[in-house]
Amino acid sequence: MSEYILYKKEQKDIDRLIQDGYKITHVVENLSGAFLTFKHSEKAEENLHILTADARKYFMRYIMK
């Protein structure tokens, strides 16, 4: 899978969770990427593993709000 296609998939996954009312509550970054924890007041916790640098920059816009 090309880097761009992977980035678009990761972006779509992040946007889907945010639109569903989840908030990013925890981030762990290492050489394997970023591990995001999303929490929702009424639903189960969700986790995403972000691999691309562009998607890592993309989720920061939700943390900075």
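Trainee: Why is lysine 57 called exposed?
Mentor: Lysine 57 has a relative accessible area of 58%, and exposed means over 50%, so the label fits. Keep in mind that this is a predicted model.

Trainee: What makes lysine 57 and aspartate 54 a salt bridge?
Mentor: Their closest N and O atoms are 3.4 Å apart. The limit is 4 Å between a side-chain nitrogen of Lys or Arg and a carboxyl oxygen of Asp or Glu, so the pair qualifies. The two residues sit three residues apart in helix α2, which means about one helical turn separates them.

Trainee: Why is aspartate 54 called partly exposed?
Mentor: Its relative accessible area is 40%. Partly exposed runs between the buried limit of 20% and the exposed limit of 50%, therefore aspartate 54 belongs there.

Trainee: How do you know that lysine 39 and glutamate 45 form a salt bridge?
Mentor: Their N to O distance is 3.8 Å, and the rule asks for within 4 Å, so they count too. Lysine 39 is partly exposed at 43%, and glutamate 45 is partly exposed at 45%.

Trainee: How many salt bridges does the whole structure have?
Mentor: The search finds four. One of them joins glutamate 29 and arginine 56, with the closest N and O atoms 3.0 Å apart. This pair links distant parts of the chain, 27 residues apart: glutamate 29 is in strand β1 and arginine 56 is in helix α2.

Trainee: Why is arginine 56 partly exposed rather than buried?
Mentor: Buried requires under 20%, and arginine 56 has a relative accessible area of 22%, so it is partly exposed. Its partner glutamate 29, at 47%, is partly exposed as well.

Trainee: What makes aspartate 13 buried?
Mentor: The relative accessible area of aspartate 13 is 17%; the cut-off is under 20%, so buried is the right word. Aspartate 13 lies in helix α1.

Trainee: What does helix α1 pack on?
Mentor: First, the sheet itself: three strands, in the order β1-β2-β3, form an open antiparallel sheet. Its edge strands are β1 (23-30) and β3 (46-50), since each pairs on one side only. β1 and β2 pair over seven bridges. Helix α1 packs on this sheet, touching β2 and β3, while helix α2 touches β1, β2 and β3.

Trainee: Why does methionine 60 count as partly exposed?
Mentor: Methionine 60 has 33% relative accessibility, which lies between the 20% and 50% limits. Together with Ile63 and Met64, Met60 makes a nonpolar surface patch of about 290 Å². A patch residue needs over 30% relative accessible area, so the 33% of methionine 60 meets that condition.

Technical notes. Residues are numbered from 1 along each chain as its sequence is written. This is a predicted model: local features need pLDDT of at least 70, side-chain atom pairs count only at pLDDT 80 or more; totals for chains, interfaces and linings use all residues. Side-chain values use heavy atoms; hydrogens and water are left out. Two strands pair if DSSP finds at least two bridges between them. Helices (H or I, at least four residues) and strands (E, at least two) are DSSP runs, numbered from the N terminus. Contact means heavy atoms within 4.5 Å. Axes are lines fitted to C-alpha atoms, for helices over the stretch in contact, and angles run from 0 to 180 degrees between N-to-C directions. Patches are made of residues with over 30% relative accessible area and no salt bridge: like charges are joined within 9 Å, nonpolar side chains (Val, Leu, Ile, Met, Phe, Trp, Tyr) within 5 Å. Accessible areas come from the Shrake-Rupley method with a 1.4 Å probe; for residues, only the protein chains shown count as cover. Buried means under 20% relative accessible area, exposed over 50%, partly exposed in between (1.4 Å probe, protein chains only).
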